[in-house]
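Trainee: Could you take me slowly through a single part of this structure, namely the place where the two chains meet? I would like a careful account that I can follow on the model.

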Amino acid sequence: MNLSLPRAGRASDRPASPFPPLGMRRPMWLALIALVAAAFVASLALGAVRIPLDEVLRALAGGQASKDTWQTIVLTFRLPKAITALLAGAALGVAGLQMQTLFRNPLADPFVLGISSGASLGVALMVLGGAAVSASVFGRTALLGEFGLVTAAALGAAAIFVVVLTIARRVQSVVTLLVLGLMIGYLTGAVVSLLIYFSIPEQVAAYINWTFGSFGGVTWQQMRVFAPALLIGLAAALAGVKPLNALLLGENYARSMGVNVRAARWWVTASASLLAGAVTAFCGPIAFLGVAVPHLCRALFATNDHRVLMPAVILLGGALALVFDLIAQMPGARFTLPINVVTAALGAPIVLWVILRRQSFARV
Amino acid sequence: MSKVIAISRRTLVLSFTVIALAACALPAAAPAAPTTAPVEPTAAPTAAPTEPTAAPTATPAPVVVAPTANLTDGCVENYDAAVDYFPEKVSIEDATGFVVEYFNNYKVVTVLNPWRGAQEQFKYVIVQCGTPAPTGIENALVIEAPAKDVIAMSTTQLPHLEKLDLLDRLLGLDSFLYVNNSKVRTLIQAGALVEIGGGAEVNIEKTIEAQPDLVMTYGVGDPQYDAHPKLLEAKIPTVINAEYMEGTPLGRSEWIKFTALFFNKEGKAQEEYAAMKQRYLAVAEKVKNASNKPTVVSGMASKDKWRVPGGGSYAARLILDAGGAYLWAEDTSAGSMQLAFEEVYDKAINADVWLLTAFQRYDSIKAILEDEPRYAGLAAVKSGNVWNYDKRVNENGGNDYWETGVGNPDILLADLAKIFHPELMADHELVFWRQIPAQP
């Protein structure tokens, strides 16, 4: 495939250790960590309601802000949202990186396996598919509510997840997986269109609203599921860094290094699907971060080594999600934008710039 | 609804020039000769065009007695250009979206704001059946009145048809699913109506087969969603009803007069609207000087966004007229505003009444809080003053608030007044709104 990632080329004459030892990129790491911290604090301090920073800090420290609503806003609106954005951004970046390496395709994103389509289908069935089905499954109260949406998206994502994993264990070629994801996307797209066609505007609006994506819907109660799911997924991804590096150099090479390719592929698929599925279930289909962040990190650190890229993607993904969400809020403005508008509008130029710049470097 | 008549009517429309020539042979009302530049008819509605002093030709004109009422059925048999065929006229008080000009044997109605940000207007020349159509009116669709049947593409048109005693002329609907009107439901069950589909998915073949005299639809300005471009292309007489663009409850319901124009039912429309308006104003008057005006928040959050009606919107106007203090009353926007949940939370924390306007039918406040625990801090939640407009929703989710309610804003107002000032509205029973109980 022409679009395959640049291999760690120069390393090929030293097959024993294709990647140079981890360099000292301390300033870069410090800058990234500072960016994450700054974005996190900013997302707690800034919002539609103007709250002085010292009041924000007092509320966070367990004290009492001078207005009750401020206390509530900081602790139950902004804090869970900031944590959600941080985790979701990290998860999407990691899943994107895994998929790009697995499929040796720089256009791959966390949703290439059809996980997000599965979640969309779950939500569409729930929201659009008539009260009868949903009511019998979820009880009378959860029809269109936030909790119902999360449940439906999670079930949809999980169903596709199981299908993908089952097939991933059997197939020889990653291309089959890619085609599978694509076909799942078409199938669910057809069903969703059909449901929209037979639905009334309120239902369609609720579904469209979900597709816009948001970090702000995760309440503390939901966080008890969301955070552990993502932390497990991230840990699994970090544990799979070495086989990922081996896969980068081709499956034959990986085999020669003693990597069980099929097991590695399954491990990567499982963790990426968990990450993408959980984020989609709770935040909706968040576009672009998954494609963009790995490219940005490769450019920033000038490497394909997953031992570097994985933590870098976690930090930069979290930071960018926080920043994009802040921009979507447009502190001080009356209106808010859907997060997906911002991620795509700002993400696309950034990635273009990075790729073009890398191209010109490559020529030199 | 004989097919022969319908076809001859369409033939009339199509053979426009022939009729035009005939019309121009007559001296009085016809604006201009077909060869000259088109002339806008500008005469004031009541000022009748110049009286013809003599019979147009040598043929002895039959003695025509000027009608005292509009012809709501059938056609004129002995046309006389001097006769005002529309002695009953509409006068518009509250609606801003359409204007009508009357001429002796036709009326010109212009839909000014067919949709948000529209660049075009729609002009309809409604010609008394049996009389010649005028010439020279540009970009206008010529339609004969009274229409013998109609396909309604929105349930909001049904209450108007019912009030005008026109449900027997209902030929079809866009969809059967969302109808609440009991008479229309009976018609559906009896198999008396056709279902032609809505928006761009409208079934043209079915519509052509039904041969409607009139299709009344609405537009959003996007060919991807609108039915009228396809219907007009198929030469089906289709008119845009843009009631939803009106910013006031009275204005929106005054479109009953727009519907009436196509059936020559002006008299009935004037009567119905005046009575309804009187009831509306009576409720408004009752609560106007209430000592306490409860503060009101409306809408629901979706994740971290909360869409609230703008201060200049339909919903805000109803709250104001019902003696409520809407929290965003100073705002002037006519649509709705997408705000951050935290902003609404901060402002609405002490609001007395919460009007949900939720599609979902919550059985209790407990269920609402299970969905979104952050509502718990709102004063209205603590006091149980939480309401939704889902008292009358049919089995498919069609809400009668948007059907009967929009056509009867006096009931909408009385409902809200009852919620805000129960002591002043003791004899009113809530029709559309329902208080959400604390527990299921």
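**Where the chains meet, and two further contacts**

Mentor: Before the chains themselves, one residue shows how to read such a model, which is a predicted one: Ala287(A) is buried, because 24 other C-beta atoms lie within 10 Å of its own, and 20 or more are needed for that label. Ala287(A) sits in the loop that links α12 (261–283) to α13 (289–301) of chain A, and, leaving aside neighbours within four places in sequence, Ala287(A) is in contact with Asn340(A), Thr343(A) and Ala344(A). With Asn340(A), which is 53 residues away along the chain, the separation between C-alpha atoms is 5.8 Å.

Turning to the place you asked about, 30 residues of chain A are in contact with 28 residues of chain B. On the chain A side, at least two residues each come from α3 (68–102), α6 (146–170) and α8 (201–212), and α3(A) gives the largest share, six residues. Sorted by class, this side of chain A holds eleven nonpolar, 14 polar and five charged residues.

Within chain B there is another meeting of parts, since the domain assignment divides chain B into domain 1 (3–273) and domain 2 (289–435), and their contact takes 16 residues from domain 1 and 21 residues from domain 2. On the domain 1 side, α3 (158–163) and α7 (249–253) of chain B each supply at least two residues, with the largest share, four residues, coming from α7(B). That side of domain 1 of chain B is made up of seven nonpolar residues, eight polar and one charged.

How values were computed: Residues numbered from 1 in each chain as written. Chains lettered and ligands numbered in written order. Predicted model: local features only at pLDDT ≥ 70, side-chain atom pairs only at ≥ 80, totals over all residues. Contact = placed C-beta atoms within 7 Å. Nonpolar A, V, L, I, M, F, W, Y, C, P; charged D, E, K, R; others polar. Buried ≥ 20, exposed ≤ 12 C-beta atoms within 10 Å, placed from the backbone.
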